[in-house]
Amino acid sequence: MLYAAAPPKQLIVIDPGHGGFDIGAQVQTLKEKALALKTATLVKEYLHKKGYRVILTRSRDVFISLKKRTTIANDTKSKLFVSIHFNSFRGQKPHGIEIYYYNKGSKWRQNASKKLAQLVLNGMITATGAHSRGVKQGNFHVIRETQMPAILIEGGFMTNPGEHAKLRSQAYLDKMALSIANGIDKYLKS
Ligand SMILES: [Zn+2]
C-alpha cells in the first residue's frame with residue numbers, strides 16, 4: 001500500500017517572558033514570570049493539538065537572555081515567534097490587552113507581524129471580554145531581532161484589581177491561551 005507522506009509540521013516558538021531572577025512585574029504574590037510560563041505552556045498544548053510543533057524558549061523558571069530567545073527562533077527557522085508578557089502600571093486604572101510588533105526592516109515581516117497581532121488580539125478580546133488596547137508598534141529586542149513574523153502580547157494589567165483577580169484564575173488563563181493558539185492557527189491558514 002502507498003501512503004502519502006504526512007506534511008511537515010510547522011514550527012512555532014513561544015517565548016514566556018522573564019524567568020529566574022528576572023521576575024518581571026510582581027503584584028502581591030502574583031509574578032509575571034510565572035503567569036507568562038503558565039500561559040505559554042497552555043498555548044503550547046493547544047498548538048500541539050492543532051498539529052504544530054512548538055518550542056518554548058524556557059519551560060522552567062530559569063533566566064534566559066533576550067539574545068538567546070531570538071537565537072532559538074532564528075536558528076530553528078520557526079514560522080512565527082510569540083512572546084507572552086503581562087503588564088503593570090503605577091496606578092490601578094489601566095487594564096486590557098495590547099499586542100506589539102516591530103515596524104521597521106522588512107516590509108513583508110512588518111505586515112505579517114501586524115496581521116498576526118490583529119488576528120490574535122481579536123480572538124483574545126472575544127474570548128476573555130477584556131478591553132482592547134490595540135495593536136501597537138514596539139522596539140523590543142525579541143520582536144526586533146527575530147527574522148520571522150513576531151509579536152509580543154501584554155495579556156493584561158496585574159496592577160488593575162479586576163484584571164488581577166482574573167489573571168489568578170486558571171480558567172481565565174486557559175481561555176486566553178486557547179484564543180492565542182486559535183489566532184496563530186488562523187494566521188497560518190490564511
Ligand atoms: Zn514583561
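Select helices H3 and H6 first: their axes come within 8 Å and cross at roughly 145°. The model on screen is a predicted one. The crossing of H3 past H6 is right-handed.

Now show side chains where the two helices touch. From H3, pick Ala112, Lys115, Leu116, Leu119, Val120, Gly123, Met124, Ala127 and Thr128. They meet Tyr172, Lys175, Met176, Ser179, Ile180, Gly183, Ile184, Lys186 and Tyr187 of H6. Color this contact by class: eleven residues are nonpolar, four are polar and three are charged.

**Under the helices**

Keep both helices on and add the strands. H3 spans residues 107–128 and lies across E5, E6, E7 and E8. Its direction is at about 170° to E6. H6 covers residues 170–189 and lies across E1, E5, E6 and E8. Against E5, H6 runs at about 150°.

**The sheet**

Hide the helices. What is the order of the six strands in the open sheet? Read across: E4-E1-E5-E8-E6-E7, with mixed pairing. E4 and E7 (132–137) are the edge strands, each pairing on one side only. From one strand to the next, the twist averages 20°.

Strands of a sheet pair through backbone hydrogen bonds, in a parallel or an antiparallel sense. Walk the pairs here:

- E1 and E5 run parallel, joined by five bridges.
- E5 and E8 are parallel too, with six bridges.
- E8 and E6 run antiparallel over three bridges.
- E6 and E7 pair in the parallel sense through five bridges.

**Stop at E5**

Select residues 80–87, which form E5. Is this strand enclosed or open to the outside? E5 is largely enclosed by the rest of the structure, because eight of its eight residues are buried. Look at one face, then the other. Leu80, Val82, Ile84 and Phe86 are on one side. Phe81, Ser83, His85 and Asn87 are on the other, and both sets are buried.

Center on serine 83. Aspartate 15 has serine 83 as its bridge partner in E5. Serine 83 also stands opposite leucine 152 in E8. Two places to select next are histidine 85 and its bridge partner in E8, glutamate 154.

**Step to E8 and beyond**

Select residues 150–157 for E8. This strand is mostly covered, with eight of its eight residues buried. Return to leucine 152. Serine 83 stands opposite leucine 152, and so does tyrosine 100. Move on along E6 (residues 97–101). There, tyrosine 101 stands opposite glutamine 137 in E7.

**A buried glutamate**

Select glutamate 163 in helix H5, residues 161–167. Is glutamate 163 buried or exposed? Its relative accessible area is 6%, so glutamate 163 counts as buried. Show what surrounds it. Leaving out residues up to four places away in sequence, glutamate 163 touches His95, Gly96, Ala130, Gly156 and Phe157. Draw a distance to glycine 96. The two residues are 67 apart in sequence, but their C-alpha atoms are 7.8 Å apart in space.

**Helix H2**

Select residues 66–75 for H2. Its buried residues are Arg69, Thr70, Ile72, Ala73 and Asn74. What do the buried residues of H2 pack against? They pack against E1 (11–16), E4 (53–56), E5 and helix H4 (141–144).

**Two backbone oddities**

Most residues other than glycine have a negative phi. Two stops here go the other way.

Lysine 77 comes after H2 and sits in the loop between H2 and E5. Its phi is positive, about 50°, although it is not a glycine. Lysine 77 counts as exposed because its relative accessibility is 69%, and the cut-off for exposed is over 50%.

Histidine 18 is in the loop between E1 and strand E2 (26–27). Here phi is positive at about 65°, again without a glycine. Histidine 18 counts as buried because its relative accessibility is 17%, and the cut-off for buried is under 20%.

**Last selection: the annotated region**

Color residues 70–185. An unreviewed UniProt entry annotates this range as "domain: MurNAc-LAA". How much of the range 70–185 is helix, and how much is strand? The chain is 47% helix and 23% strand there. The C-alpha atoms at the ends of this range are 21 Å apart.

Conventions
Residues numbered from 1 in each chain as written. Predicted model: local features only at pLDDT ≥ 70, side-chain atom pairs only at ≥ 80, totals over all residues. Heavy atoms only, no water. Buried < 20%, exposed > 50% of the residue type's maximum accessible area, 1.4 Å probe, protein only. Helix = DSSP H or I, 4+ residues; strand = E, 2+ residues; numbered from the N terminus. Pairing = 2+ DSSP bridges. Contact = heavy atoms within 4.5 Å. Axes fitted to C-alpha atoms, helices over the stretch in contact; angles between N-to-C directions. UniProt positions renumbered as here; feature names shortened; annotations may be inferred. Left-handed = near helix turned anticlockwise from the far one by under 90°. Nonpolar A, V, L, I, M, F, W, Y, C, P; charged D, E, K, R; others polar.
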